Amino acid sequence: MRSAWMLRQLALHPRVPVGVIGAPFSRGQPRGGVEGGPDVIRAAGLLHRLQEQGDGPAGCEVKDYGNVAFEDVAVDEPIGRVKCVRAVGGANRRLSEVVQAVKRDGRTSVMLGGDHSLAIGSVHGHAAAVGGVAVVWVDAHADVNTPLSSHTGNLHGQPLSFLLHELQHKIPVLPNFSWIKPCVWAKDLVYVGLRDLDPAEHYILKLLGVKVFSMTEVDHLGIARVMEETCEYLCARVKKPIHLSYDIDAIDPSVAPATGTPVVGGLTYREGVYIGEQLSGTGLLSAVDLVEVNPLRGQTEKEVQATVGTAVDLLLACFGRLRSGNHPASYRLPEPPGRGPMAASPTAPTAPDV
């Protein structure tokens, strides 16, 4: 039975409510396997580890919403260069609905991808539920090509163009995309970790004045300064809920190799975890995507496990795990036999003055 003290602590420090969504979807890019990301991340113990740690005395209060069931689009001919338009548009509409349900339940949404085209539905659903959001996009790639500027036609490289208000006049009419309404302003977007941009993406980011910390800035400033400036930038105006969209390929492939578009020269494990720790500390983190873990892209089982383990640790950092250590507010050292709390000395001995 819980003590009155414990109940008071629970009231003061409630468990963090988290809603986990699996999004097993790969049609935003050409490589199979990324649809297996949600299941391998869960199998690595994510839910249990979230429950065991967090800002509250008993960790996070986690509800698993299961995997989203996406419609199988049998015939999905390209529209110009853009591939799998109908499947991607329909999948993101369904995901947006699920994210909205998680937010209505009062939970921080955690979307496990799947490819990064899913950010369309995740960010849209978040914004539809809470109003305006700020987005921190941690990725090797900018993912802001428009359907007309993309050379590959892969929609996992285009999600932000559908979400940004400033780019709506550049978006053509596409089947299954009419439901999408822009929900992010360029001034509310921050990139961390960029190192592989197409010319059109570089042009867009300069044109819109987006806050960008590429790997050049990470190397020059250090990740502590980068995150300090990111948090100050996002909190300087109206403090909007933060949506963290984390592509595992932001992490250097020497650490997280099992992903579809690895780029050398990325974030270290420590830098990647630090990003989550600092955003958690703002108290504004309201939704997280973790995408592009592809268990079929690892050359060995060790590479797969290293990537999945890194993904889990990135998510734990977003919910209060500190490398300096955590303990529940209710924790007390065990007493020797016969020395229960009532029999213990009311005060601990103190070191003598020297």
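**Notebook: helix α9 and the sheet beside it**

I began with two helices in this predicted model: α9 (residues 223-235) and α10 (residues 269-281) pack at an angle of about 30°, and their axes lie 10 Å apart. Angles under 35 degrees count as roughly parallel, so I noted α9 as roughly parallel to α10. I then looked up the hand of the crossing of α9 and α10, which is right-handed.

Next, which residues make the contact? From α9 I listed I223, A224, M227 and C231; from α10 I listed E271, Y274, I275, Q278 and L279. Sorting the residues of this contact by character, I got seven nonpolar, one polar and one charged.

Then I turned to the sheet. It is open and has eight strands, and I read their order as β2-β1-β3-β8-β7-β4-β5-β6, with parallel pairing. Which strands stand at the edges? I found β2 (60-67) and β6 (211-214) there; each has a single partner strand, so one side of each is left without a neighbour in the sheet. I also checked the twist: neighbouring strands are turned by 15° against each other on average, direction ignored.

I picked one pair for a closer look. Strand β4 (residues 134-138) and strand β7 (residues 242-247) run parallel and are joined by five bridges. Within this pair I found V136 opposite L244 of β7.

Last, I went back to α9 to see where it sits on the strands. Helix α9 lies across β4, β5 (189-194), β6 and β7, and I noted that α9 runs at about 165° to β5. Angles over 145 degrees count as roughly antiparallel, so I wrote down α9 as roughly antiparallel to β5.

Key. Residues are numbered from 1 along each chain as its sequence is written. This is a predicted model: local features need pLDDT of at least 70, side-chain atom pairs count only at pLDDT 80 or more; totals for chains, interfaces and linings use all residues. Side-chain values use heavy atoms; hydrogens and water are left out. Axes are lines fitted to C-alpha atoms, for helices over the stretch in contact, and angles run from 0 to 180 degrees between N-to-C directions. Helices (H or I, at least four residues) and strands (E, at least two) are DSSP runs, numbered from the N terminus. Angles under 35 degrees count as roughly parallel, over 145 as roughly antiparallel, 65 to 115 as roughly perpendicular and the rest as oblique. A crossing is left-handed if the near helix is turned anticlockwise from the far one by less than a right angle, and right-handed if clockwise. Contact means heavy atoms within 4.5 Å. Ala, Val, Leu, Ile, Met, Phe, Trp, Tyr, Cys and Pro count as nonpolar, Asp, Glu, Lys and Arg as charged, and the others, Gly among them, as polar. Two strands pair if DSSP finds at least two bridges between them.
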